[in-house]
Each structure stands twice: as C-alpha cells, then as structure tokens.
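Reader: I would like a close look at one part of this model, the central sheet and what packs around it. Could you take me through it slowly, strand by strand and then helix by helix?

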Amino acid sequence: MRLNLIAVGRLKQGPERELCARYAERFNAQGRHYSLGPINIIEIQESKASSRSERIVQEASLLSKKLPSHSPIITLDERGKHLDSKQLSGEVKMLRDQGASQISLIIGGPDGVCSSIKNRATLILSLSAMTLPHAFARILLLEQLYRSVTIMAGHPYHRE
C-alpha cells in the first residue's frame, strides 16, 4: 500500500527536510516487508489569498487535484482523534488489510484544512492539542508512520 503525504507548504533545505527524508527512508525500508510503501511526499504551494476563507478554499482545490480517487484519506487537524502509536499502527494495518492500494495523509497550511477535504477523510487525526510548526508536524507524522511499521514488526515498544 503506497502512502501519499500531501502537505501545504514547502520545507526549505536544512535539518527539518533531512529528518523528514530520513524517516521516509526508514519507513520505505521497513515497510516493504509489510506491503507498505513507498511513501511519496507531495508539497502544495501555500495560498497567498488575502482572507483565511479564500486561502483554505484555494488550498483545498490544490489538495483535491492530488488526491487519488477512492483512496482512504487521513487528515491532520488539532480537533481530530487522539491516537497513541499502537492505535495509529492499527489504523494503517487495518487500511492495508482492507485492500487499500494507497492512502493519502493531509497536512494543511497555517489556516487548517477546508471542510470539503475533512468531510472526505476516513480519519481526522490530531498529533497534539498544541500548535506545532508545519515542519515539526511533518517530521512527527513521518516518525509515527515509521514507528507504526516497527510496531507491526514486533519491535519492542517503549518500555513494555
């Protein structure tokens, strides 16, 4: 099952981009043993519209063009569901086992994700109730996807 991480905004060259690449590589290396991957990172230009509502609608239009039809969507939103790492791993595994050929994970821009995208989501996920910088959210999501595969592989989880 391929994964598309579709993010509004572009990461500049530097440690954040390098860390994202590292977790994507780790995911791809481990994931192939569990019919997961590769992960494809797609960056969408952030809207320059003057109002919040216009920005959200413009970004939703760009996001929609990148979403494969009939594939599950996981959208990040601060008011989404709080899952621990094992639960996220279970969600990914369940989607794979249900026969999804790919899933799309959406990280919106500073104004969030339009309800038209959220309404299509299989899962609305919160990484934290705190506001996170865009780069940190991307790093955290990629790390958790990698951790999901290690959980599937039976690696020791935390200190259990």
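Author: Two strands are said to pair if DSSP finds at least two bridges between them. With that in hand, and keeping in mind that this is a predicted model, one can begin with a single pair of residues: Asn4 has Ser104, in strand E4, as its bridge partner. A second link into E4 is made by Arg2, whose bridge partner there is Gln102. Both links belong to the pairing of strand E1 (residues 2–8) with strand E4 (residues 102–107), which is parallel and extends over 6 bridges.

This pairing is one part of an open sheet of 5 strands, paired in parallel and ordered E2-E1-E4-E3-E5. Its edges are strand E2 (39–44) and strand E5 (123–126), each of which pairs on one side only, and from one strand to the next the twist averages 35°. E4 is also joined to strand E3 (residues 73–82), again in the parallel sense, by 3 bridges; in that pairing, Thr75 has Ile106 of E4 as its bridge partner.

E4 deserves a closer look, beginning with the directions of its side chains. In a regular strand, the side chains alternate between the two faces of the sheet. Here Gln102, Ser104 and Ile106 point one way from E4, while Ile103, Leu105 and Ile107 point the other way, and all are buried. Because 6 of the 6 residues of E4 are buried, the strand is largely enclosed by the rest of the structure. Ser104 illustrates the point, since its relative accessibility is 0% and buried means under 20%. Leaving aside residues up to four places away in sequence, Ser104 touches Asn4, Ile6, Leu67, Pro68, Ser71, Pro72, Ile73 and Ile74, and Asn4 in this list is also its bridge partner.

The helices can now be taken in turn. The 17 residues of helix H1 (residues 15–31) should span 24 Å at 1.5 Å a residue, and the C-alpha atoms at its ends are indeed 24 Å apart. Buried in H1 are Cys20, Tyr23, Ala24, Phe27 and Gly31; seen down the axis, the buried residues of H1 fall within an arc of 100°, so they line one face of the helix. The background to such a pattern is that an α-helix has 3.6 residues a turn, so residues three or four places apart point the same way. The cover over the buried residues of H1 includes E1, E2 and helix H5 (134–152), whereas the face turned away from the buried side carries the exposed residues Pro15, Glu18 and Glu25. Arg26 also lies in H1, and at 36% relative accessibility it counts as partly exposed.

Helix H2 (residues 52–66) has 15 residues and reaches 21 Å from its first C-alpha to its last, close to the 21 Å expected at 1.5 Å a residue. Its buried residues are Arg55, Ile56, Glu59, Ala60 and Leu63, and because they cover an arc of only 130° around the axis, they sit on the same side of H2. These buried residues pack against E1, E2, E4 and helix H4 (115–118), while on the other side of H2 the residues Val57 and Lys65 are exposed.

Helix H3 (residues 85–97) also agrees with its expected span, as its 13 residues should cover 18 Å at 1.5 Å a residue and its end C-alpha atoms are 18 Å apart. In H3, the buried residues are Ser85, Leu88, Ser89, Val92, Leu95 and Arg96, and they lie on the same side of the helix because the arc that they cover around the axis is only 125°. They pack against E3, E4, E5 and H5.

The last of these partners brings in a contact between two helices. The axes of H3 and H5 come within 8 Å and cross at roughly 80°, which makes H3 roughly perpendicular to H5. On the H3 side of this contact are Ser85, Lys86, Leu88, Ser89, Val92, Lys93 and Arg96, and these meet Gln144, Leu145, Arg147, Ser148, Ile151 and Met152 in H5.

To return to the strand with which we began, E4 pairs with E1 over 6 bridges and with E3 over 3, and the buried residues of H2 and of H3 pack against it.

Definitions and conventions. Residues numbered from 1 in each chain as written. Predicted model: local features only at pLDDT ≥ 70, side-chain atom pairs only at ≥ 80, totals over all residues. Heavy atoms only, no water. Helix = DSSP H or I, 4+ residues; strand = E, 2+ residues; numbered from the N terminus. Axes fitted to C-alpha atoms, helices over the stretch in contact; angles between N-to-C directions. Expected span 1.5 Å × (residues − 1). Buried < 20%, exposed > 50% of the residue type's maximum accessible area, 1.4 Å probe, protein only. Arc of directions from axis to C-beta. Contact = heavy atoms within 4.5 Å. Parallel < 35°, antiparallel > 145°, perpendicular 65-115°, else oblique.
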